[in-house]
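Work through the exercises below with the model open. Each task is followed by its solution in steps.

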Amino acid sequence: MSGQDWLEKDFYAVLGVSKDADAATIKKAYRKLARTMHPDHNPGDAQAEAKFKEVGEAYAVLSDPEQRQQYDQLRAMAGGARFQAGGPGGGTGGAGFEDLFGGMFGAGGQPGGGSRVRFSTGGGGAGFEDILGGMFGGGGGGFGQTRSRRGVDLSAVTTLPFRQAVEGSTVTLGVEGRTVKARIPAGVRDGQKIRLRGKGRPGEGGGPAGDLEVTVKVAPHPVFTLDGNNLRVTLPVTFDEAALGAKVQVPTLDGSTVTMKIPAGTPSGRTLRVKGKGITTSSGTGDLLVTTQVVVPQRLDGAAKEAVEAFRAATEGTDPRAELIAQAGK
């Protein structure tokens, strides 16, 4: 972006904020406009694409405290006017170099005001570009040069099915009109942020690109949940399986089953471990954690009801709440 652009463009008006807006207000305004004007939301709309780029230019300047200060100073000195070259009679409309900058050197243009400073646009001596080049990072190389500046960091959100999050996946993201591929590592958690170096907005003047921070949303699975490298599952078991012990089939994430032994006397809520049936990541392979849930029949037929009544009679005198009540009184 050239220095003349700074003089001609009102970046505050582009973002729809006041000149004293704080950084948070500027960022909020930019994000709202960028979402609205994004090429992905306006395919084939050249006007929206141009507006999107204009909003990006404005934010790039106003989000950088140093560039914003320089921008404000330059426009305050110029009064928003375009610079005109030439001496007396050399330009029409707008302020000339001498009128705009004479006061900086004590030249008021009135009798007794001292010698008027003259600025040249050619030949010997310092030209206008040389005088103001430093405001744009140009080391004497011209007014239009842009100093080297790192690109802005950007953010994106992607949602993965549970299995893809567990096994790892490569996703394609649309970022400011560009396509960015991101490798999501195995075992990523819901809400986890992944930083991609150099995948943000390109830098200016040869500066490095910013980073892209991807927030991963993981869709829930109907059976499994993730716990580090471990998978968790709740397994329904019958009363007799829990009381007498049994060998049962437990589902695994790959769609197969594994045989697990339920020890006799297993209460509802106990967690048993199946080694090596979790997920594999760079830190190792986890286990399958199986939590038992004793199922109580909703209805009993005659024989089943008689059997339960017989069980009750056989265990009469046993109070499972005795210890709880005793502890509560302490």
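**Exercise 1.** Classify Tyr59 as buried or exposed, then do the same for Tyr30.

Solution. Apply the accessibility classes: buried is under 20% relative accessible area, exposed is over 50%, and partly exposed is in between (1.4 Å probe, protein chains only). Tyr59 has a relative accessible area of 10%, so Tyr59 is buried. Tyr30 is buried as well, with 8%.

A note on the source: this is a predicted model, where local features need pLDDT of at least 70, side-chain atom pairs count only at pLDDT 80 or more, and totals for chains, interfaces and linings use all residues. Residues are numbered from 1 along each chain as its sequence is written, and side-chain values use heavy atoms, with hydrogens and water left out.

**Exercise 2.** How many aromatic pairs does the whole structure hold, and how do the rings of Phe11 and Tyr71 meet?

Solution. Start with the criterion: rings of Phe, Tyr and Trp (its six-membered ring) pair if their centres lie within 6.5 Å; planes under 30 degrees apart are stacked, over 60 edge-to-face, and the rest tilted. A search of the whole structure gives four aromatic pairs. One of them is Phe11 with Tyr71, which is stacked at 4.8 Å centre to centre, with 25° between the planes. Next, locate the partners, taking helices (H or I, at least four residues) as DSSP runs numbered from the N terminus. Phe11 lies in helix H2 (residues 11–15) and Tyr71 in helix H5 (residues 65–78), so the pair ties together parts 60 residues apart in sequence. Phe11 is buried at 1% relative accessibility. Tyr71 is buried, also at 1%.

Now take Tyr30 and Tyr59: they form a stacked pair, 4.1 Å centre to centre and 5° between the planes. This pair links helix H3 (residues 23–37), which holds Tyr30, to helix H4 (residues 46–62), which holds Tyr59; the two residues are 29 apart.

Finish with the cluster: Phe11, Tyr12 and Tyr71 form one.

**Exercise 3.** Which residue does Arg150 meet in a salt bridge, and which network includes Arg150?

Solution. Use the cut-off: a side-chain nitrogen of Lys or Arg within 4 Å of a carboxyl oxygen of Asp or Glu. The structure holds 17 salt bridges. Arg150 meets Asp153 at 2.9 Å, N to O. Arg150 is partly exposed at 40%, and Asp153 is partly exposed at 37%. The network links Arg150, Asp153, Arg195, Arg197, Asp211 and Glu213.

**Exercise 4.** Which residue forms a salt bridge with Lys19, and how far apart are the closest N and O atoms?

Solution. The partner is Asp10, at 3.9 Å. Lys19 is exposed at 55%, whereas Asp10 is partly exposed at 25%.
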